[in-house]
Amino acid sequence: MLILAFDTTSERGGAGIFRDAECLASVQIEGPARYSVTLFQNVERLLAETRLEFSQIELYAVANGPGSFTGIRVGVAAAQGWATTFGRPVCG
């Protein structure tokens, strides 16, 4: 199963694409976390690096707290948006 997992709950968040338990690619946030911009840029970078497309992701896994309210909101909203668009499940 291809999983896009990400954490936007703190300044040290990041994202990764996994095939089951194997990490295919990951990125850790360096510097100030502006997730409303950087999350989408980093996910696009991961997809390009793994030569995958959004439609191939089978599960969206998102950190849902504790942490920054705004960061949690950005992450959960992104996961729900992608999951709804592609008809995939979300796991918090």
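**A mixed sheet and its two helices**

Just after helix 2, Gly87 adopts a positive phi of about 65 degrees. The model that shows this is predicted, and the account below works back from that point through helix 2, then to the sheet and to one loop residue.

Helix 2 covers residues 69-86. With 18 residues at 1.5 Å a residue, helix 2 should span 26 Å, and its end C-alpha atoms are indeed 26 Å apart, so the expected and modelled values agree. The buried residues of this helix are Gly71, Ile72, Val74, Gly75, Ala78, Ala79, Trp82 and Ala83. Because these residues cover an arc of only 165 degrees around the axis, they lie on the same side of helix 2. The face turned away from that buried side carries the exposed residues Phe69, Thr84 and Thr85. What covers the buried residues includes strand 1, helix 1, strand 4 and strand 5.

The sheet comes next. Strands of a sheet pair through backbone hydrogen bonds, either parallel or antiparallel. Here 5 strands form an open sheet with mixed pairing, in the order 3-2-1-4-5. Its edge strands are strand 3 (22-28) and strand 5 (90-91), each of which pairs on one side only. Strand 3 is joined to strand 2 (residues 14-19) by 6 bridges in the antiparallel sense. In this pairing Arg19 stands opposite Glu22 of strand 3.

Both helices can be placed relative to these strands. Helix 1 (residues 35-50) lies across strand 1 (2-7), strand 2 and strand 3, and runs at about 145 degrees to strand 3. Helix 2 packs on the sheet as well, touching strand 1, strand 4 (59-62) and strand 5. The direction of helix 2 makes about 170 degrees with that of strand 4.

The loop between strand 1 and strand 2 contains Thr9. Is Thr9 buried or exposed? Its relative accessible area is 9%, and a residue under 20% counts as buried, so Thr9 is buried. Several residues beyond four places away in sequence touch Thr9: Ala63, Asn64, Gly65, Pro66, Gly67, Ser68 and Ile72. One of these, Ile72, is also among the buried residues of helix 2. The side chain of Thr9 further makes a polar contact, at 2.6 Å, with the side chain of Asp7.

Note on methods:
Residues are numbered from 1 along each chain as its sequence is written. This is a predicted model: local features need pLDDT of at least 70, side-chain atom pairs count only at pLDDT 80 or more; totals for chains, interfaces and linings use all residues. Side-chain values use heavy atoms; hydrogens and water are left out. Two strands pair if DSSP finds at least two bridges between them. Helices (H or I, at least four residues) and strands (E, at least two) are DSSP runs, numbered from the N terminus. Contact means heavy atoms within 4.5 Å. Axes are lines fitted to C-alpha atoms, for helices over the stretch in contact, and angles run from 0 to 180 degrees between N-to-C directions. Buried means under 20% relative accessible area, exposed over 50%, partly exposed in between (1.4 Å probe, protein chains only). A polar contact is a pair of N or O atoms within 3.5 Å; within protein, one must be able to donate a hydrogen and the other to accept it, and residues adjacent in sequence count only if both atoms are side-chain atoms. The expected span of a helix is 1.5 Å times one less than its number of residues. The arc is that of the directions from the helix axis to the C-beta atoms.
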